[in-house]
Amino acid sequence: MGGMVLITGARGFIGRDLLRRLPRSGVRVRALLREPAEGAWDEAVICRLGAEAVADRVVEDVATVFHLAGIAHTWGRAREMSALYRTVNVKGTAALVEAAARVGVRRFVFFSSVKAVRDPGEECIDESVTDWPADPYGRSKREAEEIVLEAGARSGMRVCVLRPTLVYGAGVKGNLLRMMEMIDRRRFPPPPRVDNRRSMVYVGDLAEAALLAARETRANGRTYIVSDTVPVSTREIYQWMCGALGRSAPRWGVPVGMLRAVAAVGEGIGRATGRAMPLNREVLGRLLGSACYRSDRIRRELGWRPARTLRDALPEMVAAYRDRA
């Protein structure tokens, strides 16, 4: 995979890891940024995806595009974020992939999300499930996927869509970081043993999947879920985090009935005050519910294999958390 590589979202959690793994022999990296910044790339170009046109100079001389930039899913704010999702995730992706096709970029790897299809409920689903999601974020990612695949089919550019599950690793933010912080401060009571199944993937394994998708011609026009082989339960995540933080995990768990009662109260307070409570029905659903996805296709077609698990990655995650504290 020689020549110029363009990365959008190069400053983000996944982008930084991908940048470190790119082969530096014969490869130059151009970062597409929203504002000037320093980083481990060879050159940078400024463009606000979705807010302005993508000029040819952004993708000139580029052989491969890794498109990671986008507005991430925000729990509890889906409707108010709907317009922004469409502007950045849909219009921004469309402008970038059209410019890439126009100037003759050879490969385009799009980082989508498992949210681009319906919620799996208690199933463990794969790419054969094509039902559209109900929420605005998921719909924006699905629309962007279809734009990328259509542009590839029309132009002859090799395109591939990756749907990562929840991504973990040193420097992670979001819910995993908040959970780690709350456990460390003894503010996260032990969840019940409900045997839910949640799929996740290590950031470095996701980056390797992207490099494979760019190299392998078999990935052209394909959509791949990227996930660890074995899903984990919330209780397992809690216990492993306790161990990595040097804390003893209690043997007991908060009863499900009690959590539902507190969540119902939180829901009522949230409606009355207009402020989301720490525990409401949506939060409880994420805590106790399943989100299970199968990555058989990418393992079968490209030979991708996850090398890490959450349990063995937690020490480095805790070390990064401690360094920031």
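This passage walks through selected helices, spaces and individual residues of the structure, which is a predicted model.

Helix α4 is a good place to start. The helix runs over residues 136-155, 20 residues in total, and spans 29 Å from its first C-alpha to its last. That sits close to the 28 Å expected at 1.5 Å a residue. At the N-terminal end, Asp135 acts as the cap, with a side-chain oxygen 3.3 Å from the backbone nitrogen of Tyr137. At the other end, Gly156 comes just after α4 and takes a positive phi of about 90°. The buried residues of α4 include Pro136, Tyr137 and Gly138 at its start, and the list continues with Ser140, Lys141, Arg142, Ala144, Glu145, Val148, Ala151 and Gly152. Charged side chains are thus on the list too, among them Lys141, Arg142 and Glu145. As for what lies over these buried residues, the cover includes helix α3 (82-103) along with strands β5 (107-111) and β7 (158-164).

Helix α1, residues 13-21, has its own set of buried residues: Phe13, Ile14, Gly15, Asp17, Leu18 and Leu19. Strands figure heavily in the listed cover, which includes β1, β2 (27-33), β4, β5 and β8 (166-168), and helix α6 is listed as well. Strand β5 therefore turns up again, having been named among the elements that cover α4, and being part of the cover of α1 too.Turning to empty space, a search of the whole structure finds one cavity of 30 Å³ or more. About 50 Å³ of space lies in this largest cavity. Its lining is made up of Arg107, Phe108, Val109, Arg158, Val159, Cys160, Ala213, Ala214, Glu216, Ala219 and Asn220. Strands β5 and β7 and helix α6 (203-215) each supply at least two of the lining residues. By class, the lining of the largest cavity has seven nonpolar residues, one polar and three charged.

The second largest pocket holds about 160 Å³ of space. A total of 13 residues line this pocket, and Asp228, Val230, Arg308, Thr309 and Leu310 are the closest to its centre. Eight residues of the pocket lining are nonpolar, two are polar and three are charged.

Backbone geometry throws up a couple of oddities. Most residues other than glycine have a negative phi. Asp61, however, has a phi near 65°, a positive value in a residue that is not glycine. Asp61 sits in the loop between α2 (56-59) and β4 (62-67), and with 69% relative accessibility it counts as exposed. Asp195 is another case, with a positive phi of about 55° despite not being a glycine. The loop that holds Asp195 joins α5 (174-184) and β9 (200-202). Asp195 counts as exposed because its relative accessibility is 66%, over the 50% cut-off.

A few single residues deserve a look, beginning with Thr8 in strand β1 (residues 3-8). Thr8 counts as buried, since its relative accessibility is 0%. Its side chain makes a polar contact with the side chain of His67 at 2.7 Å, and also reaches the backbone nitrogen of Ala69 at 3.0 Å. Leaving aside residues up to four places away in sequence, Thr8 touches Leu32, Leu49, Phe66, His67, Leu68, Ala69 and Leu96. His67 and Ala69 thus appear both among these contacts and as partners of the Thr8 side chain.

Ala44 belongs to strand β3 (residues 43-46). With a relative accessible area of 42%, Ala44 is partly exposed, as the value falls between the 20% and 50% cut-offs. Residues up to four places away in sequence aside, Ala44 touches Ala31 and Leu33. Ile7 lies 37 residues from Ala44 along the chain, and the C-alpha atoms of the two are separated by 9.6 Å.

Finally, Asp184 is part of helix α5. This aspartate is buried, because its relative accessible area of 12% is under the 20% cut-off. With residues up to four places away in sequence not counted, Asp184 touches Leu245, Arg247, Tyr321 and Arg322.

Key:
Residues are numbered from 1 along each chain as its sequence is written. This is a predicted model: local features need pLDDT of at least 70, side-chain atom pairs count only at pLDDT 80 or more; totals for chains, interfaces and linings use all residues. Side-chain values use heavy atoms; hydrogens and water are left out. Helices (H or I, at least four residues) and strands (E, at least two) are DSSP runs, numbered from the N terminus. The expected span of a helix is 1.5 Å times one less than its number of residues. Buried means under 20% relative accessible area, exposed over 50%, partly exposed in between (1.4 Å probe, protein chains only). Contact means heavy atoms within 4.5 Å. A polar contact is a pair of N or O atoms within 3.5 Å; within protein, one must be able to donate a hydrogen and the other to accept it, and residues adjacent in sequence count only if both atoms are side-chain atoms. On a 1 Å grid over the protein atoms alone, a cavity is a set of points where a 1.4 Å probe fits but cannot get out, and a pocket is an open set with protein on both sides within 12 Å along at least five of seven lines; lining residues have an atom within 4 Å of a point. Grid points are joined across faces, edges and corners, and a volume is the space filled by probe spheres set on the points.
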